[in-house]
Structure formats: structure tokens, C-alpha cells
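Reader: I should like to examine this structure step by step. May we proceed by question and answer?

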Amino acid sequence: MFKKMFGITMLIVLAGIVIGNFIEQQFEKKAEPNIYDVTGDTNVEGGAIAPVESIGIEQGEAAPDFELETLNGEQFKLSDLKGKKVILNFWYTWCPPCREEMPEMQKFYEEFGEEVEIIAVNLTYMEKSEQDVHDFIDEFSFTYSVPLDREETVAELYKIHAAPTSYFIGTDGIVGQTRRIGPMEYEFMEEMVHALN
């Protein structure tokens, strides 16, 4: 008798679990994915709603000056590049899109280095160790300047909340194009730089 009662109880429990799972699956099917594009950009590859203060430096504004030590131990100051076009890029070594764009940046720098400076500011405060930055740059033989933002001062100044993020600065020190969040390709850099004054 006990075995029959135990068996019936187990069947009822199992049936309850199956019915509960079925109801949960039906509820999940009815939930619609978030398919609304709130960016207004039909070419966007992703996006998020962010606070107004995260917008960063806008096109037409002066690029804030800063001074950092480079990977080579030299002092770098952005205002020293006035008179040249600048791609100001923010990145870190463990960021897949950053790793994807850096060879494109090197190719672009080799072609246009006489007229355009590429400044790849490493967000060093996000790295496990500064040695990772050295190893990464050495491994791929990147030759553009790599200032180290160890204290997050420049990232805060430029409102960097994602990497890679790039600014395009004209010869007058003014941000000449809308900033780019996400990896850049050679052709994109060429288009942005040619539009700068």
C-alpha cells in the first residue's frame, strides 16, 4: 500500500513539474525581444541608452588637451600636435574589437603618417598589468604613439564608457567628426580624415 501511495505521489509531482515547465515556456514565447532602434542610426551595430553626460566631446568642440606618459617613457601632450590631423583612439588589450581595428590603424598610419597622427591611448587602469600593453604592442609591431591613461584622467575628460572609441581632430584642434564607438576599418578612417580641415 505504501509503495502505491509513494508511486502516485511521485507521478503527481513529476506531472506538476512538466506542467510548470510547459507554462513557463509558453510565457517566454510570448515575451517579445527588444527590437526598437533608439539610436536613429540605421547602420548601428548595437546600442544602449546612456546618460547625457556620457555623450563626450561633440563635433565642433575643441579637443581637451592632456599630457600622459607613452609606452616608450616619453611625455606626450595633445596640443603639441596642433597643425596636424589626429585620430585619437581609446583601447585596451583584452577588447576584441580593439584588437580587430589596430592592424587597420597601423596600415592607415603607414600610408598617411606624414599628415595624420594616430594616438592610441591605452586605458591602462583597465589592464591586468602594464606589461600586457608592452607585450601586445611588441607582438604586433604597432608604431603609432601609445600614451598610458593609468589614472583614468583622460578617459573621464573624453567621457569614454566603451572601447574602442575614436575622435577625429582637425589641424585647428577642433573635433571635426562625430566620435566613433566600435572598430574602425581603413576606408572609414580615410573618409573621416579627408573630411577634416
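Reader: In which part of this predicted model is E127 found?
Author: The model is a predicted one. Two elements frame the position of E127, namely strand 4 and helix 3. E127 is found in the loop between them.

Reader: E127 is buried yet has no salt bridge; which side chain of opposite charge is nearest?
Author: A salt bridge requires a nitrogen and a carboxyl oxygen within 4 Å. The side chain of E127 does have a polar contact of 2.9 Å, with that of N122. The nearest side chain of opposite charge, however, is 7.8 Å away, and it belongs to R99.

Reader: Why do the buried residues V133, F136 and I137 lie on the same side of helix 3?
Author: In general, an α-helix has 3.6 residues a turn, so residues three or four places apart point the same way. V133, F136 and I137 are buried in helix 3. They share one side of helix 3 because they cover an arc of only 90 degrees around the axis.

Reader: Which exposed residues does the opposite face of helix 3 carry?
Author: The buried residues of helix 3 are covered by elements including strand 3, helix 2 and strand 4. The face turned away from that buried side carries the exposed residues D138 and E139.

Reader: Which residues are linked with R150 in a network of salt bridges?
Author: The side chain of R150 meets that of E69 at 3.2 Å, N to O. R150 lies in the loop between helix 3 and helix 4 and E69 in strand 1, so this pair ties together parts 81 residues apart in sequence. R150 also forms a salt bridge of 2.8 Å with E130. The residues linked with R150 in the network are therefore E69 and E130.

Definitions and conventions. Residues numbered from 1 in each chain as written. Predicted model: local features only at pLDDT ≥ 70, side-chain atom pairs only at ≥ 80, totals over all residues. Heavy atoms only, no water. Buried < 20%, exposed > 50% of the residue type's maximum accessible area, 1.4 Å probe, protein only. Helix = DSSP H or I, 4+ residues; strand = E, 2+ residues; numbered from the N terminus. Arc of directions from axis to C-beta. Contact = heavy atoms within 4.5 Å. Lys, Arg positive; Asp, Glu negative; His and termini not counted. Polar contact = N/O pair within 3.5 Å; in protein donor to acceptor, adjacent residues only side chain to side chain.
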